[in-house]
Amino acid sequence: MTLPTSTTRRGALQLLAAGAASLTLPAWAQWPDKPVKIIVTFPPGGSSDILARVLAEQLAKKLGQAVVVDNKPGAGGTIGGAQVAAAAPDGYTLMLSNSTPLALGPFTLEKQPYDPVGAFTHIASLGSAPLVIMASKPSGIGSFAELEARARKDGRLDFGSGGPGSIGHIHGELIRKITGANLVHVPYRGGAPMTTDLLANVIPVGIDVITAYVPFFKSGQLVPLAVTGGARSPLMPEVPTIVEVGQPKLVLENFFGLSGPAKLPPEMVVRLHDACNEVLVMPEVQKKLIELGIVAKPESTARFEALVKEQVGVLGPTVKAAGIKL
């Protein structure tokens, strides 16, 4: 059957009009039409990497497009951070953000590679994990008060961390600054070698994210003195918080969030923010977060931006004052 010429012409015009309308749609309305990348500023296997992969799997289902994790470690997290800061604000390059690439790493370099607040769109808060201040069993230190007393009695007290400029290092510097206890940093290349020396009492004190140390606390090989969050950790609920031991100014948590380049379209930010919040309440995600020692903390985008700004304001000057360089 042959359609009348007028009908054919009308259909062609409608198709052209539809095509023209789709061409005028803003980029965010068509997003995503290709894979989205989440940059992790640490090597594979750590808390940030595992969290990013859990998030990527669930976001892919909600966005209807693949979400891949790309590890870009190095230079205190600033290699990956700089790549995200320089990316186009099109929603295809995001970052699993936390304290290291935003509040620590940029301040350890001679020239700050980016503005941790202004160079990014801080989209969604995912959660936070406290640090734990711990002592070796042979040291005889059984409480935070005893740590302070030992440092004053001996004139100094060595403490280990996962490396120069790590959040454990910075917290030790905060303890020294706020309490006056002379803690002297002993840097390690990661938490594993620090743990070896802590167990052997080569160093009496260590400060790190709590997750990897729970088995040593339960076996009695290490002594947890305090966690640095405002609430007790679900991994070790019997361990007091730094507030409970009388040091509210020493509250410090390693936050986790999703960030992108500055000037992401607001509609895209809302979609990503809401998707992240939906992921955080999923039972399988909640279970994984607990295993990682991370407490889910969904917040508004504005509150997450304020949280980043607050931590940059506290930690940046501490890094500089301590003269920490990478």
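1. Met268 is buried in this predicted model, with a relative accessible area of 3%. Because the cut-off for a buried residue is under 20%, a value of 3% places Met268 in that class. Met268 belongs to helix H10, which covers residues 266-280. Gly91 is 177 residues away from Met268 in sequence, yet their C-alpha atoms are 7.3 Å apart in space.

2. The largest pocket holds about 980 Å³ of space. Its lining is made up of 41 residues, and those nearest the centre are Phe42, Gly162, Ser166, Gly190 and Asp208. Two or more lining residues come from each of helix H3 (47-63), helix H7 (167-179), helix H8 (191-199), strand E7 (205-209) and strand E9 (253-261). By class, the lining of the largest pocket comprises 22 polar, 17 nonpolar and 2 charged residues.

3. The second largest pocket contains about 310 Å³ of space. It is lined by 17 residues, of which Leu252, Glu253, Leu307, Glu310 and Gln311 are the closest to its centre. Strand E4 (120-136), strand E9 and helix H12 (301-322) each contribute at least two residues to this lining. Helix H12 gives the most, with 6 residues. The lining of the second largest pocket divides into 8 nonpolar, 5 charged and 4 polar residues. Strand E9 thus appears among the contributors to the largest pocket and also among those to the second largest pocket.

4. Helix H7, one of the elements that line the largest pocket, is largely enclosed by the rest of the structure, because 10 of its 13 residues are buried. The buried residues are Ile167, Gly168, His169, Ile170, His171, Gly172, Glu173, Leu174, Ile175 and Thr179.

5. What span should the 13 residues of H7 have at 1.5 Å a residue? The expected value is 18 Å, and the end C-alpha atoms of H7 are 18 Å apart, so the two agree. After H7 comes Gly180, which has a positive phi, near 85 degrees.

6. Strand E8 (residues 222-227) is also largely enclosed by the rest of the structure, because 5 of its 6 residues are buried. Strands E4 and E8 run antiparallel and are joined by 5 bridges. In one of these pairings, Ser136 has Leu222 of E8 as its bridge partner. Strand E4, which pairs with E8, also supplies at least two residues to the lining of the second largest pocket.

Definitions and conventions
Residues numbered from 1 in each chain as written. Predicted model: local features only at pLDDT ≥ 70, side-chain atom pairs only at ≥ 80, totals over all residues. Heavy atoms only, no water. Helix = DSSP H or I, 4+ residues; strand = E, 2+ residues; numbered from the N terminus. Buried < 20%, exposed > 50% of the residue type's maximum accessible area, 1.4 Å probe, protein only. 1 Å grid on protein atoms, 1.4 Å probe; cavity = no way out; pocket = protein on both sides within 12 Å on 5 of 7 lines; lining within 4 Å. Points joined across faces, edges and corners; volume = space filled by probe spheres on them. Nonpolar A, V, L, I, M, F, W, Y, C, P; charged D, E, K, R; others polar. Pairing = 2+ DSSP bridges. Expected span 1.5 Å × (residues − 1).
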